[in-house]
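Me: I'd like to practise reading strands, helices and a buried side chain. Can we go through them together?

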Amino acid sequence: MEIDFVVLWVDGADPEWINSFNKYSEKRNVSFDSTIDISKKRYDDNGLLRYWFRGIEENAPWVHKVFFITSGQKPSWLNTNHKKICWVKHEDYISQEYLPVFNCNPLEVNLHRIKGLSDTFVYFNDDMYLINPIKENFFFRGGLPRDHAILNAIEPRFWGHIFVNNLIEINKYFKKHKSIVHNLFKWFNIQYGIHMLRTIVLLPWPKFNSFLVSHMPQAYLKSTYNEVWDHCEHILHATSTHRFRTIGDANQYIFRFWQLAKGTFSPSPFMIGKRFFNITEKNINAIEQAVKNKSVKEICLNELDDSPSCFERLQDILEKKFPVKSSFEL
């Protein structure tokens, strides 16, 4: 298989980007609309992107292409002429009428439109790092994305609305119990361990409530994207028109949920070899231990703490892990 990696990036400190953001957010008065999320924390660049690329080169040298998606921005140190990098601007695959966009959801639901993207690809946020050697079969097995089919309840948060939007579409096209019976050993698999209890508890409900989500790199089939667009074009098109994240959006998980409901996945353990952390002073020692742990393959460092000392310590941890400049850097 030719497995591609896809990552979105934005520099929220770029003056040109800030001017554009302010222009459109003021125009919509979105700061007074609780149905729209314009938290500027979502656009912060934590200065750690070079370690994302170092982790890819050191731990996944088999990757076919890296699709680096931005509004046209690029780090000054990035070698966009590298044979494996495809620098994709929003305008290269999003209709001009929807631009500029400050919402990751339109960018995510249109990934299949990227020219040259392989049918098997892994979608990353820029805060998700590969920290130890990883094989292709960590993401795909037998041509199918590796994933965990575990039922879950929805948390009452902003993104809970988005999950409901995804699930409305999934329940239109899949009967929950029929999907489970047809792929019984993908749903009740020893690799899920105690998490199968979630599925057992929620089994009596006639429809899919939700699926257990890990905020980690996600394997997809481009053919799934095409199939979901064929069936759910209305909400995906509507999402594509939203410059800012809204409670009416769908997001990338509609495609993941579709793969799970259809059975087009290969079972894998939940969070084995993976770690998720909010970046806080309290967690910094645990982050360091996880980075040093040879059994951990992926780590997500979700930005939370604005403490300069915390980020300095984090940068030092990653610099010690990846001290050698990658060929992706000038």
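Reply: What follows is a walk through a strand, two open sheets, a helix pair and a histidine.

Me: Before that, what am I looking at?

Reply: This is a predicted model, where local features need pLDDT of at least 70, side-chain atom pairs count only at pLDDT 80 or more, and totals for chains, interfaces and linings use all residues. Residues are numbered from 1 along each chain as its sequence is written, and side-chain values use heavy atoms, with hydrogens and water left out.

Me: Let's start with S5. Are the residues of this strand buried or exposed?

Reply: In a regular strand the side chains alternate between the two faces of the sheet. Helices (H or I, at least four residues) and strands (E, at least two) are DSSP runs, numbered from the N terminus. Buried means under 20% relative accessible area, exposed over 50%, and partly exposed in between (1.4 Å probe, protein chains only). Five of the five residues of S5 (residues 120–124) are buried, so the strand is largely enclosed by the rest of the structure. Thr120, Val122 and Phe124 cover one side, Phe121 and Tyr123 the other, and all are buried.

Me: Which strands pair with S5?

Reply: Two strands pair if DSSP finds at least two bridges between them. S1 (residues 3–8) runs parallel to S5 over five bridges, with Asp4 opposite Phe121. S9 (residues 218–221) pairs with S5 in the antiparallel sense over four bridges, and there Thr120 has Leu221 as its bridge partner.

Me: How do I read an open sheet? Which strands stand at the edges of S6-S13-S12?

Reply: Look for the strands with one partner. This sheet has three strands in that order, with mixed pairing. S6 (128–130) and S12 (274–278) are the edges, each with a single partner strand, so one side of each has no neighbour in the sheet. Neighbouring strands here are turned by 20° against each other on average, direction ignored. S6 and S13 (residues 298–302) run antiparallel and are joined by three bridges; Met128 is partnered with Cys300 there.

Me: And what is the order of the other three-strand open sheet?

Reply: That one is ordered S7-S8-S11, again with mixed pairing. S7 (140–141) and S11 (266–267) each have a single partner strand and stand at the edges, so one side of each lacks a neighbour in the sheet. Two bridges join S7 to S8 (residues 144–147) in an antiparallel pair, where Arg141 stands opposite Leu144.

Me: Now the helices. At what angle do H10 and H11 cross?

Reply: Axes are lines fitted to C-alpha atoms, for helices over the stretch in contact, and angles run from 0 to 180 degrees between N-to-C directions. Under 35 degrees counts as roughly parallel, over 145 as roughly antiparallel, 65 to 115 as roughly perpendicular and the rest as oblique. H10 (residues 284–292) and H11 (residues 308–321) have axes that come within 10 Å and cross at roughly 10°, and are therefore roughly parallel to each other. Contact means heavy atoms within 4.5 Å; among the residues making it are Ile287 and Val291 of H10 and Leu314 and Ile317 of H11. H10 also lies across S12 and S13, at about 160° to S12.

Me: Last one: where does His82 lie?

Reply: His82 sits in the loop between S3 (66–70) and S4 (85–89), and is buried at a relative accessible area of 12%. Its side chain makes a polar contact (a pair of N or O atoms within 3.5 Å; within protein, one must be able to donate a hydrogen and the other to accept it, and residues adjacent in sequence count only if both atoms are side-chain atoms) with the side chain of Ser327, at 2.9 Å.
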